[in-house]
Amino acid sequence: MLLPMSKTNKSSKSQNLVSNLLHTLRPNSKSSKSSKASSTANITMATTSLVGKTAIVTGSSRSIGAAIARALGAEGANVVVNYVSDAGAAEEVVKSIKATGKGDAIAVKANAGTVEGGKSLIDAAVAKWQRLDILVLNAGIMGSKNLADVDEEFFDSHIQTNVKAPLFTVKHALQHLTAGGRIIFFSSSLTYATGVLPNALSYVASKGAVEQISRVLAKDVGARGITVNTVSPGPVDTPLFRTGKPQQVIDFISKQNPNGRLGLPEDIAPTVAFIASPAAQWLNGQNIRVNGGFTV
């Protein structure tokens, strides 16, 4: 049986409603401050500093990878500079990072296009600094063949280097990455560009796979406080990009950008450094096309 509400109960209920309304309208009230503090307790202060963080950048002895390694080092990170054959170039990157007086670095020889090579890079980082916070999967290959000329070996090499090796490197890295960790894949703006050329078939297919892997992993490991994003540069003036392209083709591609030029490694690195930082904690599962307007 329902009992009639007394005047006292009515008065008490009204007071509570008014009190709640005032707390909403006056955000500086004590209870509001307490609630706000509680809701933001787990939010990391927005900073781009990487002091104390350990990073691996695959394929970082030259070009985009080297620029990224330097950018991370400039923010105070300890960086594994990865190379396959050019030890001298890798050591130069290491020296440039140490010269800033902010970060530390070591050069590690490994073929990041293999599962074993990726694992060895992670083991080296953990052995040196006892932690891993940032994994940048920059290494890759870019072959150019129309379908008529593509054989299984050519296609498989792109899947092995650009897809399989990065994926299993991430799998091993997740044994060490904790909340606040960053995984950054590399794709290409060609997966979105309407002017993609027929000879980019194998390369674009592999990079499309990378983008989907990144999306799914963002949902998977995002629950652990680890973000997963993809950086997709447009045409960047590197030896990898120029290989097999006559100058007239390079000039044509340059003109597709509103800036009238190719990108530079230094155009890409600052974005990667930001994504790697605590300030980018709410950036997850995204594909950032750093291309100067090559695709819009």
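Is T227 buried or exposed, and at what relative accessibility? Keep that one in mind: it opens a short set of exercises on this predicted model.

**Exercise 1. Work out the setting of T227, starting from its place in the fold and ending with its contacts.**

Step 1: find the element. T227 belongs to strand β6, which covers residues 227-231.

Step 2: check the accessibility. T227 has 5% relative accessibility, and the cut-off for buried is under 20%, so T227 counts as buried.

Step 3: list the partners. Setting aside neighbours within four places in sequence, T227 is in contact with G181, R182 and I183, and also with Q281, L283 and N284.

Step 4: add one distance. I275 sits 48 residues from T227 along the chain, and their C-alpha atoms are separated by 9.0 Å.

**Exercise 2. Put T227 in context by describing the protein as a whole.**

Step 1: count the elements. You should get 10 helices and 7 strands.

Step 2: look at burial. Of the 296 residues in the protein, 42% are buried.

Step 3: look at the surface. The accessible surface comes to about 15900 Å², and carbon and sulfur atoms account for 56% of it.

Step 4: look at contact range. Take the contacts between residues at least 6 apart in sequence: 74% of them join residues at least 24 apart.

**Exercise 3. Describe how α3 packs against α10, then how α3 packs against α4.**

A reminder before you start: two packed helices are described by the angle between their axes and the distance between the axes.

Step 1: get the geometry of the pair α3 and α10. Helix α3 (residues 63-74) and helix α10 (residues 265-275) have axes 8 Å apart, at an angle of about 45°. That angle makes α3 oblique to α10. The crossing is right-handed.

Step 2: name the residues in that contact. From α3 come S63, I64, A67, I68, A71 and L72, while α10 supplies P265, E266, I268, A269, V272 and A273. Sorted by class, the contact of α3 with α10 has 10 nonpolar residues, 1 polar and 1 charged.

Step 3: move on to α4. The axes of α3 and helix α4 (residues 87-99) come within 9 Å and cross at roughly 20°. The cut-off for roughly parallel is under 35 degrees, so α3 is roughly parallel to α4. Here too, α3 passes its partner α4 in a right-handed crossing.

Step 4: name the residues again. A66, A69, R70 and G73 of α3 meet V93, S96 and I97 of α4. The contact of α3 with α4 divides into 4 nonpolar, 2 polar and 1 charged.

**Exercise 4. Look at the residues around α3 and α4: where are S61, S63 and K102?**

Step 1: take S61. S61 is in the loop between β1 (54-57) and α3. With a relative accessible area of 15%, S61 is buried. Not counting residues up to four places away in sequence, S61 touches A66, V81, N82, Y83, D86, A89, A90 and V93.

Step 2: take S63. S63 has its place in helix α3 and is partly exposed, with a relative accessible area of 26%.

Step 3: take K102. K102 lies in the loop between α4 and β3 (104-109). With a relative accessible area of 55%, K102 is exposed. Leaving out residues up to four places away in sequence, K102 touches G73, A74 and G76. K102 and A74 are 28 residues apart in sequence, yet 6.1 Å apart in space, C-alpha to C-alpha.

**Exercise 5. Check the backbone at S63 and Q130: what is phi near in each?**

Step 1: recall the background. Most residues other than glycine have a negative phi.

Step 2: read S63. Phi of S63 is near 55°, a positive value in a residue other than glycine.

Step 3: read Q130. Phi of Q130 is near 60°, again positive in a residue other than glycine. Q130 lies in the loop between α5 (115-129) and β4 (134-137), and at 60% relative accessibility Q130 counts as exposed.

**Exercise 6. Finish with the packing of α5 on α6.**

Step 1: get the geometry. α5 and helix α6 (residues 152-173) pack at an angle of about 35°, with their axes 8 Å apart. The crossing is right-handed.

Step 2: name the residues. V115, G118, K119, I122 and D123 of α5 make the contact with Q160, K164, A165, F168, T169, H172 and A173 of α6. By class, that gives 5 nonpolar, 4 polar and 3 charged residues.

Conventions. Residues are numbered from 1 along each chain as its sequence is written. This is a predicted model: local features need pLDDT of at least 70, side-chain atom pairs count only at pLDDT 80 or more; totals for chains, interfaces and linings use all residues. Side-chain values use heavy atoms; hydrogens and water are left out. Axes are lines fitted to C-alpha atoms, for helices over the stretch in contact, and angles run from 0 to 180 degrees between N-to-C directions. Helices (H or I, at least four residues) and strands (E, at least two) are DSSP runs, numbered from the N terminus. Angles under 35 degrees count as roughly parallel, over 145 as roughly antiparallel, 65 to 115 as roughly perpendicular and the rest as oblique. A crossing is left-handed if the near helix is turned anticlockwise from the far one by less than a right angle, and right-handed if clockwise. Contact means heavy atoms within 4.5 Å. Ala, Val, Leu, Ile, Met, Phe, Trp, Tyr, Cys and Pro count as nonpolar, Asp, Glu, Lys and Arg as charged, and the others, Gly among them, as polar. Buried means under 20% relative accessible area, exposed over 50%, partly exposed in between (1.4 Å probe, protein chains only). Accessible areas come from the Shrake-Rupley method with a 1.4 Å probe; for residues, only the protein chains shown count as cover.
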